[in-house]
Amino acid sequence: MRVQELNVYIAASNNGRLLFLKRPNDLWEFPGGRVEWGESPEQAAVRELKEETALVPAGQLKMLGMTSATYRKGEDDKHSIYIVYSCETSSDRHIISREHADGRWLFPREAQYLKLGLNAEPVLEMLKE
């Protein structure tokens, strides 16, 4: 079956560092997830950031762009579209949800050493623009 979903990422930063989250499969990504029915992408980004890290944006979100990837997941062919936002946080004290195995604040140049998920890779380029 073909499955298409709309998701968000939020590149949260604090003192020049970005928050990366590690999935149980050892891939790193930004906080984010699916946009729920009736929810705006911006609302979804704020909700996902809070659910996955207990952080909230310190100000307005900035839309960086979009990314997408197709891949096989189980029996399905999946097409994930991500709307990407950035924000500053007033704190770097985060609490990782059960959804992730680890969370780290890193300078963007340090991210080159992480194995990033498909949709997370282009976000670093978006942040440079």
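How many salt bridges does the count come to in this structure? The count comes to 12. Keep in mind as you click around that this is a predicted model. We'll visit some of those salt bridges, but let's begin with rings.

**Stop 1: the aromatic rings**

Select Y9 and F30 and show their side chains. They form an edge-to-face aromatic pair, with 5.9 Å from centre to centre and 70° between the planes. Y9 sits in strand β1 (residues 2-14), while F30 is in the loop between β3 (28-29) and β4 (32-34), so this pair ties together parts that are 21 residues apart in sequence. Are these two buried or exposed? Y9 has 1% relative accessibility, so it counts as buried. F30, at 0%, counts as buried too.

Now add F20 and Y82 to your selection. Ring pairs link Y9, F20, F30 and Y82 into a cluster. A search of the whole structure turns up three aromatic pairs.

**Stop 2: helix α1**

Next, select residues 41-53, which make up helix α1. Try the distance tool on the C-alpha atoms at its two ends: they are 18 Å apart, which agrees with the 18 Å that 13 residues should span at 1.5 Å a residue. Colour A44, A45, R47, E48, L49, E52 and T53, the buried residues of this helix. What covers them? The cover includes β1, β2 (17-22), β4 and β6 (76-88). Just after the helix, click on A54, which takes a positive phi of about 70°.

**Stop 3: charges on α1**

Stay on α1 and pick E52. This residue is buried yet has no salt bridge, and the nearest side chain of opposite charge, R47, is 7.2 Å away. Who are its neighbours? Leaving aside residues up to four places away in sequence, E52 touches L21, F30, P31, G32, I95, I96, S97, E99 and H100. You'll recognise F30 from the ring pair with Y9.

Side chains of opposite charge can pair when their charged atoms come close. For an example, select R47 and E51, whose side chains meet in a salt bridge at 3.2 Å, N to O. Both lie in α1, four residues apart, which is about one turn of the helix. R47 counts as buried, at 16% relative accessibility, whereas E51 is partly exposed at 46%. Now widen the selection: salt bridges that share partners join E36, E39, R47, E48 and E51 into one network.

Zoom in on E36, a member of that network. Find E36 in the loop between β4 and α1, where it is partly exposed with a relative accessible area of 44%. Add N7 as well: E36 and N7 are 29 residues apart in sequence but 8.8 Å apart in space, C-alpha to C-alpha.

**Stop 4: two more salt bridges**

Select R23 and E29. They form a salt bridge, and their closest N and O atoms are 2.9 Å apart. E29 counts as buried at 8% relative accessibility, while R23 is partly exposed at 22%.

Then jump to R72 and D77, whose side chains meet in a salt bridge of 2.9 Å, N to O. D77 counts as partly exposed, at 38%.

**Stop 5: helix α2**

Finish with residues 121-128, helix α2, and colour V123, L124 and M126, which are buried. These three cover an arc of only 160° around the axis, which puts them on the same side of α2. What do the buried residues of α2 pack against? Show β1, β2, β5 (62-73) and β6, and you'll see their packing partners.

Terms used
Residues are numbered from 1 along each chain as its sequence is written. This is a predicted model: local features need pLDDT of at least 70, side-chain atom pairs count only at pLDDT 80 or more; totals for chains, interfaces and linings use all residues. Side-chain values use heavy atoms; hydrogens and water are left out. Rings of Phe, Tyr and Trp (its six-membered ring) pair if their centres lie within 6.5 Å; planes under 30 degrees apart count as stacked, over 60 as edge-to-face and the rest as tilted. Buried means under 20% relative accessible area, exposed over 50%, partly exposed in between (1.4 Å probe, protein chains only). The expected span of a helix is 1.5 Å times one less than its number of residues. Contact means heavy atoms within 4.5 Å. The arc is that of the directions from the helix axis to the C-beta atoms. Lys and Arg count as positive and Asp and Glu as negative; His and the chain ends are not counted. A salt bridge is a side-chain nitrogen of Lys or Arg within 4 Å of a carboxyl oxygen of Asp or Glu.
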